[in-house]
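This briefing is intended to be read alongside the sequence and the coordinates. Please keep both in view while working through the points below.

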Amino acid sequence: MNPKITRNILFLLFALPGVAFASWVSRTPTIRDILHVSTAEMGVIIFGLAAGSLLGLLSTGPIISRLGGRSVILGSAFLIVVGFVIVGLGTALSFTSLVFVGLVIFGSGYGVAEVALNVEGSAVENQLNKTLLPAFHGSFSLGTLVGAIIGSGAVGLNIPVVVHFGVVAIIIAAPTLYFYRFLPHDTGKEKEAFTQKLGANMRAQLAVWKERRILLIGIIVLGMAFAEGSANDWLPLAMVDGYGVDSLTGSYMYGLFVTAMTIGRFTGGFLLDKYGRVPVLKGSAVLAAMGIILVIWGQHYLVAGLGVLLWGLGASLGFPVGLSAAGDDPRGAAARVGAVATIGYIASLVGPPGLGFLGEHFGLLHALIVVLIGVSVAGLISGAARPIRMKREKSN
């Protein structure tokens with residue numbers, strides 16, 4: 001299979017989960033009102049998405065080692081589509097439990113795609129000897145933008161959720177069914193997986209959690225994913241509460257952050273190929289730290305805006321570069337990528353609520369000091385991401 005063709009297909013496939021995720025987020029207020037649930041009850045429903053995602057992340061490594069990435073990508077799309085349709089039907093029927101079940105299925109597909117797509121992306125990087133995962137994640141960011149635009153249009157036109165989600169399901173299913181056949185057959189597949197019993201295979205997959213390099217890469221990703229997730233959840237409110245700006249300005253600040261993240265991911269490949277993984281990670285951590293410092297102690301919202309720009313640029317590469325480092329060795333790549341992706345997801349899931357707790361007691365701006373510590377630690381240990389074999393970089 002021509003790796004350039006695979007690369008081009010992956011740009012599309014990375015975008016599709018972003019379309020789905022943003023479509024769901026855009027309709028959460030509407031769904032809450034239709035289901036007649038409180039904000040706290042809606043939080044319990046949304047937990048189904050988080051639980052399903054974590055389940056998908058933890059279970060995908062062994063499945064890829066047996067079936068290969070291509071089949072798993074197809075399976076992830078199936079779960080996303082089925083889950084989306086069930087959420088739409090549950091909303092139309094005002095059936096809260098059905099919405100929860102749909103979110104668990106959708107989340108499972110989302111988590112499976114997170115691992116399988118990155119395993120494929122890491123393999124293409126190796127074949128083309130070129131850094132690609134940051135740009136693939138940039139494609140995901142573009143997908144979220146498309147999903148948000150579709151969702152805003154659906155809200156503005158009062159399109160029923162079940163119709164909106166049905167259309168999104170088709171948008172995901174059609175290109176996946178057509179293009180998945182052009183992906184390599186055996187990416188991530190390991191012959192040993194067929195000779196091992198399931199329990200032994202699972203133990204082999206879990207053994208990567210004991211590898212010092214993977215744990216250190218996981219800490220790097222944890223710090224950077226925490227920085228990204230915290231901005232996604234709290235940046236507008238931090239600007240409103242901390243600088244007294246209106247909600248629209250707070251939204252603009254978040255838009256600036258997302259734009260900086262997207263730019264950083266699409267330009268990151270050039271920087272990584274030119275300067276190497278470790279120097280770029282260190283520089284990214286410095287940029288993110290400088291940005292967060294300006295946001296916390298900038299004294300004026302325009303200074304904080306410059307900080308938001310630096311924060312987004314700095315946080316953009318940590319997660320994809322960490323996954324790329326985890327996939328350096330194609331043997332066991334699925335398990336290692338899955339482990340690092342799980343750490344990153346847990347950081348973005350657990351970290352922001354913890355930040356909200358601190359913000360309640362110390363103010364959101366001062367709570368961001370914890371994020372500053374996280375990116376600083378990530379920068380200090382970035383040497384752990386040094387390639388284990390010379391494939392794209394000069395020695396760092």
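The following points cover salt bridges, individual helices, a long-range proximity and a surface patch.

The model is predicted. It holds 5 salt bridges, of which three are described below. Later points turn to residues in helix 3, helix 4 and helix 6, and to the span and burial of helix 12.

**Salt bridges**

- Glu211 and Arg336 are joined through their side chains in a salt bridge, with an N to O distance of 2.9 Å.
- Because Glu211 is located in the loop between helix 8 (198–206) and helix 9 (212–243), while Arg336 belongs to helix 14 (residues 333–362), this pair ties together parts that are 125 residues apart in sequence.
- Glu211 is partly exposed, its relative accessible area being 25%, whereas Arg336 has 16% relative accessibility and therefore counts as buried, the limit being 20%.
- A salt bridge also forms between Asp328 and Arg213, whose closest N and O atoms are 2.9 Å apart.
- This second pair links distant parts of the chain, as Asp328 sits in the loop between helix 13 (318–326) and helix 14 and Arg213 sits in helix 9, 115 residues apart.
- Asp328 is buried, with a relative accessible area of 1%, while Arg213 is partly exposed at 21%.
- Glu228 and Arg265 meet through their side chains in a salt bridge with an N to O distance of 3.1 Å.
- The two residues of this pair are 37 residues apart and link distant parts of the chain, with Glu228 in helix 9 and Arg265 in helix 10 (residues 247–275).
- Both Glu228 and Arg265 are buried.
- Arg213, Arg277 and Asp328 form one network, joined by salt bridges that share partners.

**Thr91 in helix 3**

- Thr91 is placed in helix 3 (residues 69–92).
- The relative accessibility of Thr91 is 2%, so this residue counts as buried.
- Which residues does Thr91 contact, leaving aside its neighbours within four places in sequence? The contacts are Ile31, Ile34, Leu35, Val99 and Val161.

**Helix 12**

- Helix 12 (residues 301–315) comprises 15 residues, and the distance from its first C-alpha to its last is 20 Å.
- That reach is close to the 21 Å expected at 1.5 Å a residue.
- The buried residues of helix 12 include the glycines Gly305, Gly307, Gly312 and Gly314.
- Val308, Leu310 and Trp311 are also among the buried residues of this helix, as are Ala304 and Ala315.

**A long-range proximity**

- Ala123 belongs to helix 4 (residues 96–128) and is buried, with a relative accessible area of 18%.
- Although Ala123 and Asp329 are separated by 206 residues in sequence, their C-alpha atoms are 9.4 Å apart in space.

**Nonpolar surface patch**

- Val85, Leu89, Leu93, Phe95, Val162, Val163, Val167 and Ile171 make up a nonpolar surface patch of about 630 Å².
- Helix 3 and helix 6 (161–179) each contribute at least two residues to the patch.
- Which helix gives the most to the nonpolar patch? The answer is helix 6, with 4 residues.
- Ile171, one of the patch residues, lies in helix 6.
- Ile171 has a relative accessible area of 31% and is partly exposed; because patch residues must have over 30% relative accessible area, Ile171 meets that cut-off.

Methods:
Residues are numbered from 1 along each chain as its sequence is written. This is a predicted model: local features need pLDDT of at least 70, side-chain atom pairs count only at pLDDT 80 or more; totals for chains, interfaces and linings use all residues. Side-chain values use heavy atoms; hydrogens and water are left out. Buried means under 20% relative accessible area, exposed over 50%, partly exposed in between (1.4 Å probe, protein chains only). Contact means heavy atoms within 4.5 Å. A salt bridge is a side-chain nitrogen of Lys or Arg within 4 Å of a carboxyl oxygen of Asp or Glu. The expected span of a helix is 1.5 Å times one less than its number of residues. Patches are made of residues with over 30% relative accessible area and no salt bridge: like charges are joined within 9 Å, nonpolar side chains (Val, Leu, Ile, Met, Phe, Trp, Tyr) within 5 Å. Accessible areas come from the Shrake-Rupley method with a 1.4 Å probe; for residues, only the protein chains shown count as cover.
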